[in-house]
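User: Could you take a close look at the salt bridges in this model for me? I'd like to know who pairs with whom and how buried or exposed the partners are.

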Amino acid sequence: MLVVLSGGGTAGHINPALALAEVLADRGCEVRFAGTPRGVESRLVPEAGIPFKPFEASGFNRKHPLSLVKALRLIRKSTVQAKAWFKEIEPDVVVGFGGYVSIPVARAAEGMGIPFVVHEQNSVMGLANKELSKKAQAVCLTYECARDGVSIPPATNVVVTGNPVRRAVLSSTREEGRAMLGIPDDALMLLVFGGSLGARQINEGIARLKAELLSRPNLYVVHITGPKELDRTLEELALTEEEKKRWIAMGYQNRMGETMAAADAIVSRAGATSLAEISARAIPALLVPYPHATADHQTTNARAYVAAGCASMIPDAEVATPAFDELVFSLVDDADARAAMTKAAEAQETANAAAKLADVVMGQARSAAHALQ
């Protein structure tokens, strides 16, 4: 079975696609990837060993009509190119993860009678997925609420699969993570991060609590500031050599699997990938949604997760208030609350999301093949 995956623009679209690719490969499927030539996918996909096919695509600015003309022209051109590619490789099914490049790839699949599956990572469906869901054979969601306001035909197979997480995140062990970071096994580790770019509000809020946190002798803090925020945060922290033994600050961490495996609690944003990884590892968390995300989807992501009992949350605007301090201290001091969050997160079965999505994708391919017989 040959499966084409498509998505672009952000790692939030690409990482779940790569997680699905791992499961599909285990099941004997051949996988190809269609993305933009200059997006993050053009680097991440080849690094994962998956053949990559580039197609031009772009968004548009409603205030500048000419940008829409350019976007439509690229979609038409890339649709023709995708059809020619499909004639060559003959895929059994195509899966779109969002980003404008998914549109011409999906249109090519539709025009050639190839089944198409949409996967939405966030609680608010993106523009490309919203459009493609109207004609997809199956729509897979991370959150049930993502279908609100979307015109999905009644006959479409809609499945809540969760957001797939890559094997490197799932397979890392606590022992590996602790050894890598130099943290004793019996210590309590708080991991703080704001996504790939960092989060100044979170950095400042946690730095303000340094003395109080380090007054807990068994607590270690691993603080990933974001590359552009490291110098500023280190200046605010003003760590002594003794404090550096239990407060490990870094701008970026490319071994997040081991780092998350080592953590007992997390303070982070609520982006799709971060939240999926926190959920898959069932780590108690305090979420601080990024308020300027499209349609404020991080807040909606966090609300759904908090409602399930897996985490607590606080608005970004309240990080500088005592309410944030109280939630942080509760997270590190209340073992029973952490245990309850872990149990609730395990019930989400996010670790199985890639397998659930693979079931839907392969099922659509088999149904299409059967219909042709």
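Analyst: Here's a walk through the salt bridges, pair by pair. Keep in mind that this is a predicted model. The structure holds 24 salt bridges, and I'll pick out a few.

Start with aspartate 264 and arginine 174, whose closest N and O atoms sit 3.0 Å apart. Aspartate 264 is in the loop between α11 (256-262) and β11 (265-268), while arginine 174 belongs to helix α7 (residues 174-181), so this bridge ties together parts that are 90 residues apart in sequence. How buried is each end? Aspartate 264 has 17% relative accessibility, and because buried means under 20%, it counts as buried. Arginine 174, at 23%, is partly exposed. This pair doesn't stand alone either: salt bridges with shared partners join Arg174, Arg178, Asp185 and Asp264 into one network.

Next up is glutamate 204 with arginine 232, where the closest N and O atoms are 3.2 Å apart. Here the link runs from helix α8 (residues 200-208), home of glutamate 204, to helix α10 (residues 230-237), which holds arginine 232; the two residues are 28 apart. Both ends are partly exposed: glutamate 204 has a relative accessible area of 27%, and arginine 232 has 36%.

Finally, glutamate 349 bridges to lysine 356, with 3.4 Å between the closest N and O atoms. Glutamate 349 is partly exposed at 41% relative accessibility, and lysine 356 is partly exposed too, at 28%.

Definitions and conventions:
Residues numbered from 1 in each chain as written. Predicted model: local features only at pLDDT ≥ 70, side-chain atom pairs only at ≥ 80, totals over all residues. Heavy atoms only, no water. Salt bridge = Lys/Arg side-chain N within 4 Å of Asp/Glu carboxyl O. Helix = DSSP H or I, 4+ residues; strand = E, 2+ residues; numbered from the N terminus. Buried < 20%, exposed > 50% of the residue type's maximum accessible area, 1.4 Å probe, protein only.
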